Amino acid sequence: MDLRIFTEPQQGATYDTLLAAAKATEDLGFDAFFRSDHYLSMGDGDGLPGPTDAWITLAGLARETSRIKLGTLMTAATFRLPGVLAIEVAQVDQMSGGRVELGIGAGWYEAEHTAYGIPFPKEKFARLEEQLAIITGLWATPVGKTFDYDGTFYQLKDSPALPKPAQPKVPVLIGGMGAKRTPELTAAYADEFNLPFGSVEDTARQFARVREALQAAGRGPGDLVYSNALIAVVGKDDAEVARRAAAIGREVDELKANGLAGSPAEVVDKIGRYAEQGSTRFYLQILDPKDLDHLELISAQVQSQLS
């Protein structure tokens with residue numbers, strides 16, 4: 001069972017805060033450190049001191065860590081041209097010695113596009129599909145050969161398809177609740193399917209759709225890693241849980257209903273219910289990345305029971 005730490009820096013975090021959290025992630029034995037790819041805070045927070053770029057952050061962390069995987073949940077296809085993104089991810093993979101994973105989605109938060117002058121196209125999912133074809137195609141092109149692509153939204157001609165990642169294949173993560181196109185895209189391109197912030201029942205339903213899409217595409221159901229992303233608020237007692245919930249502006253009952261919240265025993269039990277549906281990896285959404293004691297508690301009393 002893999003436990004990964006997942007942060008939301010747009011809510012307010014400096015690079016130094018993220019670096020400290022990533023180093024704690026590594027020291028405490030977690031499998032990976034992931035971050036969102038957003039440029040605007042959500043909800044009532046002010047997001048100070050302001051956003052940090054996902055791939056610039058991961059480049060820095062690549063040089064400051066040595067073991068953990070690094071990646072995004074999810075890079076927005078609307079933010080970067082696919083050729084540029086392929087170069088960025090390959091370079092960060094080289095900088096990390098082959099520890100990068102690319103989570104990529106269509107993009108959805110229109111306000112952040114408006115705030116920073118980023119186009120917000122209507123045909124987002126079709127663009128994502130072309131981006132996946134281009135990015136994976138560029139990486140798979142043998143050195144010395146060129147890559148061409150003639151799509152509706154992107155055209156590439158005589159691309160040298162360089163640089164190459166350090167890994168023979170960078171794992172690609174796709175996720176979401178879409179009933180048809182998301183499973184189909186997963187079956188075509190993904191190494192991992194991630195269900196974000198869904199219930200156990202949602203998980204069972206969506207994993208079944210993905211398995212059906214894999215079968216239709218000629219892949220086996222075991223070809224994918226199945227994972228969940230869930231908010232985590234853990235405390236050694238009720239008072240500590242309440243304190244951590246208050247620090248992120250959430251209610252304990254709501255967190256217990258919709259995430260991994262409560263005592264270590266409660267969280268281990270709920271993880272087990274997701275695992276029964278086939279999930280083998282969990283992205284623990286940590287909304288207060290300065291609270292390193294939180295990570296230590298999860299490592300000592302949750303992760304230790306799942307290893």
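**Exercise 1. How much area does the protein expose, and what share of it do carbon and sulfur atoms supply?**

Before we start: this is a predicted model, where local features need pLDDT of at least 70, side-chain atom pairs count only at pLDDT 80 or more, and totals for chains, interfaces and linings use all residues. Residues are numbered from 1 along each chain as its sequence is written, and side-chain values use heavy atoms, with hydrogens and water left out.

*Solution.*
- Step 1: the exposed area of the protein is about 13,400 Å² (Shrake-Rupley method, 1.4 Å probe; for residues, only the protein chains shown count as cover).
- Step 2: carbon and sulfur atoms supply 52% of that area.

**Exercise 2. Work out whether Asp37 is buried or exposed, and find what its side chain reaches.**

*Solution.*
- Step 1: locate Asp37 in the loop between β2 (32-35) and α2 (54-64). Helices (H or I, at least four residues) and strands (E, at least two) are DSSP runs, numbered from the N terminus.
- Step 2: Asp37 has 1% relative accessibility, so it counts as buried. The cut-offs are under 20% relative accessible area for buried, over 50% for exposed, and partly exposed in between (1.4 Å probe, protein chains only).
- Step 3: look for partners. The side chain of Asp37 reaches the backbone nitrogen of Ala76 at 3.3 Å, and a polar contact of 2.7 Å links the side chains of Asp37 and Arg80. A polar contact is a pair of N or O atoms within 3.5 Å; within protein, one must be able to donate a hydrogen and the other to accept it, and residues adjacent in sequence count only if both atoms are side-chain atoms.
- Step 4: widen the search to contacts (heavy atoms within 4.5 Å). Setting aside neighbours within four places in sequence, Asp37 touches several residues, including Leu73, Met74 and Phe79.

**Exercise 3. Track down the cis peptide bonds at Met74 and Pro163.**

*Solution.*
- Step 1: recall that most peptide bonds are trans.
- Step 2: Leu73 and Met74 are joined by a cis bond with omega of about -20°; Met74 sits in the loop between β3 (69-72) and β4 (75-76).
- Step 3: the bond from Leu162 to Pro163 is cis too, with omega near 0°. You'll find Pro163 in the loop between β7 (155-159) and β8.

**Exercise 4. Where does Asp158 lie, and is it buried or partly exposed?**

*Solution.*
- Step 1: Asp158 belongs to strand β7.
- Step 2: its phi is positive, about 55°, although Asp158 isn't a glycine.
- Step 3: Asp158 has 48% relative accessibility, so it counts as partly exposed.
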